[in-house]
Amino acid sequence: FRCRTIYYPDFVWVIENQVKTNTRQTCTYDRIFVNGDQFIKAIIPHSNTTVNFQQRFGMTLNEALGVSDHLPIKIDVTW
C-alpha cells in the first residue's frame, strides 16, 4: 500500500498531507479541508490535530488497532 498526496487548489487544508492519521503513524488517511473565507476565519488557530487515543489511554499498538486503524482528527471553530 502506498500513501498518496491529494491536492485540491480551491480548498484550504486543515489536516495536511504530512500529518499521519493512521494508528501506525505511517499515512495520512483522514484530512480536513475547507472552502470559504468565513469558515476559514472561524477555525481556532492551532486547534487542528489528531487525537492519539493509544497514547492517551496507555494502550499497546494491538489494543489500539482493535479500536481503529485511524486516529480521530479534529478542529475547533468559533462562529
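Buried here means under 20% relative accessible area. In this predicted model, S47 comes in at 6% relative accessible area, so this serine counts as buried. S47 sits in the loop that runs between α1 (37–42) and β3 (49–50). Leaving aside residues up to four places away in sequence, S47 touches K74, I75 and D76.

Two of those neighbours, K74 and D76, turn up again in the charge picture. The side chains of D76 and K74 meet in a salt bridge, with 3.0 Å from N to O. That distance falls within the 4 Å allowed between a Lys or Arg side-chain nitrogen and an Asp or Glu carboxyl oxygen, so the pair qualifies. The count of salt bridges by this rule stops at 1. Neither partner falls in the buried class: K74 has 30% relative accessibility and is partly exposed, while D76, at a relative accessible area of 33%, is partly exposed too. So the buried S47 is in contact with both K74 and D76, the two residues whose side chains form the salt bridge.

Next, the aromatic side chains. Searching the whole structure turns up 3 aromatic pairs. In one of them, F11 and F33 have ring centres 5.1 Å apart and planes at 90°, so this pair is edge-to-face. F11 belongs to the segment before β1 (12–13), and F33 to strand β2 (residues 33–34), so the pair ties together parts that lie 22 residues apart in sequence. On accessibility, F11 is partly exposed at 33%, and F33 is partly exposed with a relative accessible area of 32%.

F33 also pairs with W13. Here the ring centres are 4.7 Å apart and the planes meet at 40°, so the pair counts as tilted. That label follows because 40° is neither under the 30 degrees needed for stacked nor over the 60 needed for edge-to-face. This pair, too, links distant parts of the chain, with W13 in strand β1 and F33 in strand β2, 20 residues apart. W13 has a relative accessible area of 15%, so the tryptophan is buried.

Put together, ring pairs join F11, W13 and F33 into a cluster. Within this cluster, W13 is buried, whereas F11 and F33 are partly exposed. F33 takes part in both pairs described here, edge-to-face with F11 and tilted with W13.

Terms used
Residues numbered from 1 in each chain as written. Predicted model: local features only at pLDDT ≥ 70, side-chain atom pairs only at ≥ 80, totals over all residues. Heavy atoms only, no water. Buried < 20%, exposed > 50% of the residue type's maximum accessible area, 1.4 Å probe, protein only. Phe/Tyr/Trp six-rings, centres within 6.5 Å; stacked < 30°, edge-to-face > 60°. Helix = DSSP H or I, 4+ residues; strand = E, 2+ residues; numbered from the N terminus. Contact = heavy atoms within 4.5 Å.
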